[in-house]
Amino acid sequence: MKKDLRSHWSLRKMVTRNGMLYPILGFASCVAFLYMSFGDLKLSANFTKGPRFSFVERNGTQFFLNGKPLYINGWNSYWLMAHSVDESSRPKVSAMLQAGAKMGLTVCRTWAFNDGGYNALQISPGQFDERVFKALDYVIAEARQQGIRLLLSLVNNLQPYGGKTQYVNWAWQEGIGLSSSNDSFFFDPSIRKYFKNYVLTVLTRKNTITGIQYRNDPTIFAWELINEPRCMTDPSGDTLQDWLEEMSAFIKSIDKNHLLTIGLEGFYGPSSPKKATVNPEQWASALGADFMRNSNITNVDFASVHIYPDQWFHGLGFEEKRNYVSKWMHSHIEDCDKELKKPVMFTEYGLSDQNKDFQLSQREQLYRTIQDIIYKSAKKKGSGAGALVWQFFVEGMQEYSDDFGMVPWQSPPIYKLTIEHSCKLARIQGLIQENGNLKQLCSKRK
C-alpha cells in the first residue's frame, strides 16, 4: 500500500467553505496587503519586499548560500496556494509560514499546480485562472516576508489536484490523445506540449505583488518536476527517463537561476540491481522509476527521497521500521556521497497515527532518527542536505489533515525536537549570531 491510498490525497472536501471572515494577520515588519474584491489581491504602494534573499546554489554534494554550506530543516504544507484563493482562509497561510519561521525552519514544500477541478490554476491546457495565479503570487510574497524559501512542485503523479490523469483526459477529450493510459502523460507528444506550456507560463510569471518573475525570485528554493513519478507500464524505466531528461533540460533552458529536483520516492530500479535489497519489497523495483539512473541526469541538481515505513511495511513492528529507515537513509546518502556527487533531500517523511500500536512517542523517536542522520551527515560535510516533514498545518484545517499531519505546537515533543534540530543545523552553518530570530530561538538550546 502506497501514499496514493492515504486519506490526504482525497480532494480535501474543498468545495465547502465556512464563510467566516478571519482577521487579517499583521506583521510589524511589513505593510498589510489591501484586499479589494473577494479573492482579488491589490498591491499596496508601500509593499516591502522582505528580507534580502540570494539564490541557493549547489557545489558538489552540498548546497551553498552566500558562500556558506546550507543544511535544511523544513516541512510540507501542500495546501498553501489552495488556501490563498479566498480572503477568508488566506490568513492561515501567513500563520503557517510565520510559525515555520519561529521554529527555525527554512524551506516549505508546496504545490504550484492545480489542474482542472475546483479552484484550478490551469483550467484547461494553456488556460489559467488569474485569481488562482494571484493566490500563488501571495504564497511566494508572504514566504519572502517570513524568510522562508519554497520548494515548488509542478505536477502530481497522482490524481488529486489534477495530476497526470487530468492531462491525459484533456488530450483524450480533444481527440488527440494516443492512449487513455495515465502513463501516456510521459510519452504522448501532445501532452508533453501541454506540460511544457504550463512550465513556461509558471516560470515566466511576473508576481503581481513583488513584480519579480518566478524564474528570477530567490524566494523559490528549487523546482520539483513531479510529485512521486511512476510509469508502471514500462518497468524498464526508459519511458520515464526520457521524459525526465527532456523536461529537466527544458526547465534549465528557461531558468538557470534555480535548483531542480525530480520528486522521486527513492526506489532503486533496474540500473542498480545490487541495491534492490534496500527497497522495501520487490514491487518497488518495478514502478518505472529508478533512483540512481534518474538522479544522475545532468540537469537534476539534487536527489529526492521519501520516507513512509508504515506504508511500505505492514508486518513489522515500530523498532524494525525505524531500523529500516536508518538503512534506507544511509544507503541514499552513501549513493550521493560516492556516486551521484549531489546533495540528497528527504523531501517527505512521516509516521501514520492510524497504526494499531501508534503512540506519539514513536513519531518523536522516528523523527529524531531521521534528523540525527541528517545532522551527522552535515557535520561531515556530506550529501545529506536536509529533510521535510509531512505535514504541518494550523488550527481549524481538519479537512486538510491526514494521518500524518499535525499542528506542531499541539505536539510539544515534536515542536521541541523541530526547534532543536533547526538550532543544531544553524550552529554547523554559523548562522546563529547573524540571524536575530535564530539567536533568540537557540540561545537556550545549546
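## Salt bridges in the predicted model

R192 is buried, at 11% relative accessible area. This is a predicted model, and R192 is a good place to start on its salt bridges.

R192 pairs with D242, the N to O distance being 2.8 Å. R192 sits in helix α6 (residues 189-203) and D242 in helix α7 (residues 238-254), so the salt bridge ties together parts that are 50 residues apart in sequence. D242 is partly exposed, with a relative accessibility of 39%. The pair belongs to a network of salt bridges that links R192, K196, D242 and E246.

A second pair joins E348 and R109, whose closest N and O atoms lie 2.7 Å apart. E348 is in strand β14 (residues 344-349) and R109 is in strand β7 (residues 107-111). These are distant parts of the chain, 239 residues apart. Buried or exposed: which word fits E348? E348 counts as buried, because its relative accessibility is 0% and the cut-off for buried is under 20%. R109 is also at 0% and counts as buried.

R131 and D129 form another salt bridge, with closest N and O atoms 3.8 Å apart. R131 is partly exposed at 29% relative accessible area. D129 is buried at 19%; buried means under 20%.

The three pairs, side by side:

| Salt bridge | N to O distance |
|---|---|
| E348 and R109 | 2.7 Å |
| R192 and D242 | 2.8 Å |
| R131 and D129 | 3.8 Å |

The full count comes to 19 salt bridges. Side chains of opposite charge can pair when their charged atoms come close.

Conventions. Residues are numbered from 1 along each chain as its sequence is written. This is a predicted model: local features need pLDDT of at least 70, side-chain atom pairs count only at pLDDT 80 or more; totals for chains, interfaces and linings use all residues. Side-chain values use heavy atoms; hydrogens and water are left out. A salt bridge is a side-chain nitrogen of Lys or Arg within 4 Å of a carboxyl oxygen of Asp or Glu. Helices (H or I, at least four residues) and strands (E, at least two) are DSSP runs, numbered from the N terminus. Buried means under 20% relative accessible area, exposed over 50%, partly exposed in between (1.4 Å probe, protein chains only).
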